[in-house]
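Below is a short structural report on one protein chain. It covers strands, core, disulfide and backbone outliers in turn.

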Amino acid sequence: QVQVVESGGGLVQPGGSLRLSCAATGSIFKINTMAWYRQAPGKGRELIAEVTGIGTTTYVDSAKGRFTISRDNAKNTVALQMNSLRPEDTAVYYCTVAVRRQDGLVVAYWGQGTQVTVSS
C-alpha cells in the first residue's frame with residue numbers, strides 16, 4: 001500500500017507565498033507523474049501542475065509564472081512553490097502520484113488535501 005501525505009497549507013495574505021510538500025511512502029516500485037490539484041468551494045477539482053518521471057512540467061494557465069512544481073525522485077516527494085498568491089487561489093490542494101507496480105500496473109494515489117486560504 002502507498003500513503004500520500006501533503007503539508008504546508010495555511011493562511012497567507014494576497015501577494016504572499018506558500019510552499020506545499022507531498023511525500024509518498026510504502027510499497028513503491030517507481031513513480032511516474034506527480035501532480036497537484038485543487039478544489040475551491042463549490043467547484044470541481046482542477047489540475048494545477050504536474051511533473052513527469054523525466055521532469056517535464058505542465059501548468060494550468062492561472063499558475064504559469066507564479067507556481068513552480070518540483071520533485072525529488074530519491075525521496076519520492078513533490079513540492080509546489082506558490083508565489084504572488086491571490087484570493088482566487090483559495091482551495092484545498094491535493095497531491096496525487098501515479099505509482100508503477102512491479103507487475104506494470106499504474107495506480108493513482110491521492111493525499112487527504114491541505115487547505116490554502118489567501119485573505120487579508
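Along β11, which side chains point to one face and are buried, and which point to the other and are not? Thr114, Val116 and Val118 point to one face and are buried. Gln115 and Thr117 point to the other face and are not buried. Buried stands for under 20% relative accessible area, exposed for over 50%, and partly exposed for what lies in between (1.4 Å probe, protein chains only).

This is a predicted model, in which local features need pLDDT of at least 70 and side-chain atom pairs count only at pLDDT 80 or more, while totals for chains, interfaces and linings use all residues. Residues are numbered from 1 along each chain as its sequence is written, and side-chain values use heavy atoms, with hydrogens and water left out.

**Overall build**

The protein chain has eleven strands and zero helices. Both come from DSSP runs, numbered from the N terminus: helices are H or I of at least four residues, strands are E of at least two. The radius of gyration is 14 Å, close to the 14 Å that the globule rule gives for 120 residues, so the chain is as compact as a globular protein of that length. That radius is taken over C-alpha atoms, and the rule is 2.2 Å times the number of residues to the power 0.38. Along the principal axes, the C-alpha atoms fill a box of roughly 50 × 25 × 25 Å.

Buried residues make up 38% of the 120 residues. The accessible surface comes to about 6300 Å², and 49% of it belongs to carbon and sulfur atoms. Areas come from the Shrake-Rupley method with a 1.4 Å probe; for residues, only the protein chains shown count as cover. Among contacts between residues at least 6 apart in sequence, 54% join residues at least 24 apart. A contact means heavy atoms within 4.5 Å.

**Strand pairing**

Two strands pair if DSSP finds at least two bridges between them. The table lists pairs with one bridge partner pair each.

| Strands | Sense | Bridges | Example partners |
|---|---|---|---|
| β4 (30-39) and β9 (91-100) | antiparallel | eight | Arg38 and Tyr93 |
| β4 and β5 (45-51) | antiparallel | six | Trp36 and Ala49 |
| β2 (10-12) and β11 | parallel | three | Gly10 and Val116 |
| β9 and β11 | antiparallel | three | Val92 and Gln115 |

β4 thus appears with β9 and with β5. The β4 and β5 hairpin has five residues between its strands, and Gly42 there takes a positive phi near 75°.

**Core**

In soluble globular proteins, nonpolar side chains tend to be buried together. Here the largest nonpolar core has 29 residues. Such a core is a set of buried Ala, Val, Leu, Ile, Met, Phe, Trp, Tyr and Cys residues joined through side-chain atoms within 4.5 Å. Trp36, Leu80, Met82, Tyr93 and Val97 have the most contacts inside this core. Elements giving two or more residues to the core are β1 (2-7), β3, β4, β5, β7, β8, β9 and β11 (114-118). β9 gives the largest share, five residues.

Beyond its neighbours within four places in sequence, Val97 contacts Val4, Ala24, Ile31, Thr33, Met34, Val107, Ala108 and Tyr109. Asn32 sits in strand β4. Asn32 is buried, at 18% relative accessible area. Not counting residues up to four places away, Asn32 touches Val51, Thr52, Gly53, Arg71, Ala98, Arg100 and Val106.

**Disulfide**

How many disulfides does a search of the whole structure find? One. The criterion is a pair of cysteine sulfur atoms within 2.5 Å. Cys22 and Cys95 form the link, with sulfur atoms 2.0 Å apart. The link is left-handed, at -75° about the S-S bond. Cys22 lies in strand β3 (18-26) and Cys95 in strand β9, so the pair ties together parts that are 73 residues apart in sequence. Cys22 is buried at 1% relative accessibility. Cys95 is buried at 0%.

**Positive phi**

Most residues other than glycine have a negative phi. Asn76 has a positive phi near 55°. Asn76 is in the loop between β7 (67-72) and β8 (77-82), and is partly exposed at 21% relative accessibility. Ser84 has a positive phi near 50°. Ser84 lies in the loop between β8 and β9, and is partly exposed at 41% relative accessible area.
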